[in-house]
Every structure is written in C-alpha cells, then in structure tokens.
Amino acid sequence: MSKKNYLLGFDIGGTKIGIGLGTAEGEILQSRRIDNVNTNPDEVLPQLAEIAKQELADANLSAGDVLAFGISTPSPADIPNGIITTPPNNPYWRNVPIKKYLEDALNIRGCFDNDANCAALAEWYFGAGKGCQNMIYLTMSTGIGAGVIAEGKLIRGKSFLAGEIGHSVLVPGGRQCNCGLKGCYEAYAGGRALAQRMQEELRNSPTHEMLAFAKDNKLENLDLLALEKAARAGVDYAVKLWDEMCLRDAQAYGMLMNIFNPEKIVLGTIAYAAGDFFMEPVKKYLPEFAWPETLSVCEIVPSQLRRDIGSYAGIAGALYELKQESSI
C-alpha cells in the first residue's frame, strides 16, 4: 500500500479525545481515547503527540509514511489558523494553537475543521452517506450541529460557521439557549438544554416520579437518558417533553430538506441509541415541515459509524483537504 494512504486523526471532545491512525480507504489501524474533563492543554498537547508517535510505532510506520493529520474540533474555533478558541465544554482551552503544535511535534502536515463537519465527512466517505452528492450529518447529543455536503462539496460559509442548525431560532423569544440567543432549536432538543430544563422545571418537586429515572435519584442527574427511560415507561411529563423534542427535531429536519434538498440526513447519537422510539415520532411530524417533493427523495437514517465516528472524524477531515488539493 502506498504510504500516501496513511492519515492520523485527533477528535477533540468535551469529555474525551480520540487519536486514530488509519487509511484513506477507511481502515482504522490504531485508536485510543483519553479523558478531557477540565484538562489543561499544556499537559494534554504533549500527550497527544506522544500517543500519535506510539500509534505509528505500533503500526511499524514513521512520520514520513503519513501524508497528513486532521483535527476535529469543537466550535467556536479559528479554522484558517488551526486555533481552538473558546469551546464551552473545555473551560481551560482558550486560544490553543493545536494545529501548529502538533505539526511541529510530529513533523506532519496538519488539517483542521469543526467536529460536525469532520463527522459529516466521515459518514460521507466511510458510513451512511457514502455515494451521496447531497447529504447532511447532524450531531444529536450534548449539542446540535450539522455538516452539510452539497453537490459533492463541504459547505463552510464565509466565517466557517455554516451548518449551525442548532442555533437556528425556531421559537422567537423562546427558551434561553446556552449560545445567548432565545428560541434556538438546540434549546428544545439538545441534551444539555433538556437536562437543564428538567432540572429547572422540577426543582420544587422533590418527590416527582421523574427522579426515579435519574442516577442516584438526584435532580442534578436528570439527563436525556433519564428522559428517554421515563418516556418509555409512560411518565406523563416525560412523554410530553419527548414528544415536543421530536416535533422540534422534525421542524429542523424539514427546514434542511426544503433548503438543501438532500438525498440523506444522517443523525448522530440519539437516533441509534433510541432507535424507533425516536425515529417514528419524528417521521410522523415531518410532513408538517417539508414539501412532499423534498421529503420523498430524502432518507433519514442513523449514523452507520455510531460511537466509532470519533476514530474517523479527524482522518476524514484530512482526507477531504487532500482531495481538494488533488494530493490523494
């Protein structure tokens, strides 16, 4: 196999960082994860470089065998300069020039893009979106973002912020979103926002039946998983909130269908974790928000890469950059 097929990937998450070594064909040779809760980048960056070097050694490769590495980063970030700026879930990571650091440490060319874009590219190259010219991937967990592939190109936008569907306002003057706007889609369907909402609404109800579904029966542990379990059990509060969430999801997907007319919308975590319990109500509501013409040609599917998507994300980001340059 040509040495130009080898790529490294770094997936920077709010709680974990994935480091993967693979090929342009989608074969993952090495994959490791480290914790990233309240970490200091001064300590983590050297660790990332050492793990990458160890992965190369374990695969009997050297830096010269690797054409590039990709970094999948949370937003906001300075994409052109490879700087992680102010990720909300990593409070000590401020203006971190991660791309240059790793380029210098590894002597390998680096690429850098936001996590939703890299995840979309991973599904496009290796997963559920393979073969599509028009597809959208949505992260559906703590927050909500999207990567948009249109006519075979990743849409980035003037400020590299294209795809922030989670911060499209669905309800003017509605619920306060963690981004600062009111009524955002994410404020009604994001995991963190739903957890905050439940904790806020049930704060004065210490015996509420919802608490039985939270870890250790504690209010502060009410989260999206607890909501799902309670909704499946028929708890009235949970059933109504789950239904509202699915309605807002359908509203957002319908907007995307009518704007981009994609072949596929690929959904992250909640779609494969909850399965038909999530997908069926969403599909029931979709005709309220999408034209029959756009709805009939668009398939909505769960992620094929699922929890392994972090191993592919950075690699896919690097692969896209190289393909745009006709370097691979």
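This is a short tutorial dialogue on reading helix packing and buried residues in a predicted model.

User: How should I describe two packed helices, and at what angle do helix 7 and helix 9 pack?

Analyst: Two packed helices are described by the angle between their axes and the distance between the axes. In this predicted model, helix 7 (residues 236-260) and helix 9 (residues 276-285) pack at about 55°, and their axes are 8 Å apart. That makes helix 7 oblique to helix 9. The crossing of helix 7 past helix 9 is right-handed.

User: Which residues of helix 7 meet helix 9?

Analyst: On the helix 7 side they are W242, D243, M245, C246, L247, D249, A250 and Y253. Their partners in helix 9 are F277, F278, P281, V282, K284 and Y285. By residue class, this contact of helix 7 with helix 9 has 11 nonpolar, no polar and three charged residues.

User: Let's try another pair. Is the crossing of helix 6 and helix 7 left-handed or right-handed?

Analyst: Helix 6 and helix 7 make a left-handed crossing. Their axes come within 8 Å and cross at roughly 115°. From helix 6, L224, L227, E228, A230 and A231 take part, meeting A238, V239, L241, W242 and M245 of helix 7. The residues of this contact of helix 6 with helix 7 are nine nonpolar, no polar and one charged.

User: Which residues of helix 5 are buried, and what covers them?

Analyst: In helix 5 (residues 191-201), the buried residues are G191, A193, L194, A195, R197, M198 and Q199. Their cover includes helix 4 (185-189), helix 6 (224-232) and helix 7.

User: Now for single residues. Is T139 buried or exposed?

Analyst: Here the cut-off helps: buried means under 20% relative accessible area. T139 has 18% relative accessibility, so T139 counts as buried. You will find T139 in strand 8 (residues 135-140).

User: What does the side chain of T139 reach?

Analyst: The T139 side chain reaches the backbone nitrogen of G145 at 2.7 Å. Setting aside neighbours within four places in sequence, T139 is in contact with A116, I144 and G145.

User: And G18: where does this residue lie, and what does G18 touch?

Analyst: G18 lies in strand 2 (residues 16-23). With a relative accessible area of 11%, G18 is buried. Not counting residues up to four places away in sequence, G18 touches G9, F10, D11, R32 and R33.

User: How many residues apart in sequence are G18 and I51?

Analyst: G18 and I51 are 33 residues apart in sequence, and their C-alpha atoms are 10 Å apart in space.

How values were computed:
Residues are numbered from 1 along each chain as its sequence is written. This is a predicted model: local features need pLDDT of at least 70, side-chain atom pairs count only at pLDDT 80 or more; totals for chains, interfaces and linings use all residues. Side-chain values use heavy atoms; hydrogens and water are left out. Axes are lines fitted to C-alpha atoms, for helices over the stretch in contact, and angles run from 0 to 180 degrees between N-to-C directions. Helices (H or I, at least four residues) and strands (E, at least two) are DSSP runs, numbered from the N terminus. Angles under 35 degrees count as roughly parallel, over 145 as roughly antiparallel, 65 to 115 as roughly perpendicular and the rest as oblique. A crossing is left-handed if the near helix is turned anticlockwise from the far one by less than a right angle, and right-handed if clockwise. Contact means heavy atoms within 4.5 Å. Ala, Val, Leu, Ile, Met, Phe, Trp, Tyr, Cys and Pro count as nonpolar, Asp, Glu, Lys and Arg as charged, and the others, Gly among them, as polar. Buried means under 20% relative accessible area, exposed over 50%, partly exposed in between (1.4 Å probe, protein chains only). A polar contact is a pair of N or O atoms within 3.5 Å; within protein, one must be able to donate a hydrogen and the other to accept it, and residues adjacent in sequence count only if both atoms are side-chain atoms.
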